[in-house]
Amino acid sequence: MTPRPLLELGYVARAHGIQGEIAIRTFDAASEALDVVERLSVRTRAGEERVLRIEDVRPTPKENIVALEGVDSREAAEALVGAAVFVYREDLEPPEEGQFFQGDLVGLTAVDESGQALGQVAEIWNTGEVPNLVIRGEGKPEIIVPFADEFVPTVDVAGGKIVVRPLEYEDDR
């Protein structure tokens, strides 16, 4: 599986102020990608794609306030609300051995330890100490798996596959 040139980082949560700034929520609250890249790609809800240069980034506890070249009014910022935000892989340092860009996990085929397909990694939720993989398969229940060694023993980004140990739930009815 060839790495995609763009990595999804988060989304435009809202317009900020009257001078065109936007608030970007990253999927990984600890991500420092916006501090090191000079450009973003955004895909609006209508499917329009734009490459925008970053003028300024100010982190806040929930999001990053970002000023973009050419987005200089509240109306222009509001037009971007809900847009998916991507960074270019080439603008980032490669991950260290055993680490992964979260964006590379989305789209991987999830299988159990016996090799049975469970679906694809559709989303990653960062709501706790470790990210959670959301796995969806046609005609199968959605599975949420913590991205920790205990539950994800193997990740093969190049092969397009991830081995997971889903949580077992007991029904006490």
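A residue counts as buried when its relative accessible area is under 20%. Keep that cut-off in mind as we walk through this structure, which is a predicted model.

Let's start with strand β6, which covers residues 84–88. Of its 5 residues, 5 are buried, so the strand is largely enclosed by the rest of the structure. You can see how the side chains are shared out between the two faces: Ala84, Phe86 and Tyr88 point one way from β6, while Val85 and Val87 point the other way. All of these residues are buried, whichever way they point.

Now look at the strands that β6 pairs with. Strand β1, residues 6–16, runs antiparallel to β6 and is joined to it by 5 bridges. To find this pairing on your screen, pick out Gly10, whose bridge partner in β6 is Val85. Strand β3, residues 39–43, also runs antiparallel to β6, and here 3 bridges make the connection. A handy landmark for this second pairing is Arg43, which stands opposite Ala84 in β6.

From the strands, let's move on to a loop. Gly107 sits between α3 (102–105) and β7 (109–111). Its relative accessibility is 27%, so Gly107 counts as partly exposed, because the partly exposed class lies between the buried limit of 20% and the exposed limit of 50%. Leaving aside residues up to four places away in sequence, Gly107 touches Gln120 and Val121. For a sense of distance, try Glu129: Gly107 and Glu129 are 22 residues apart in sequence, and their C-alpha atoms are 22 Å apart in space.

Note on methods: Residues are numbered from 1 along each chain as its sequence is written. This is a predicted model: local features need pLDDT of at least 70, side-chain atom pairs count only at pLDDT 80 or more; totals for chains, interfaces and linings use all residues. Side-chain values use heavy atoms; hydrogens and water are left out. Helices (H or I, at least four residues) and strands (E, at least two) are DSSP runs, numbered from the N terminus. Buried means under 20% relative accessible area, exposed over 50%, partly exposed in between (1.4 Å probe, protein chains only). Contact means heavy atoms within 4.5 Å. Two strands pair if DSSP finds at least two bridges between them.
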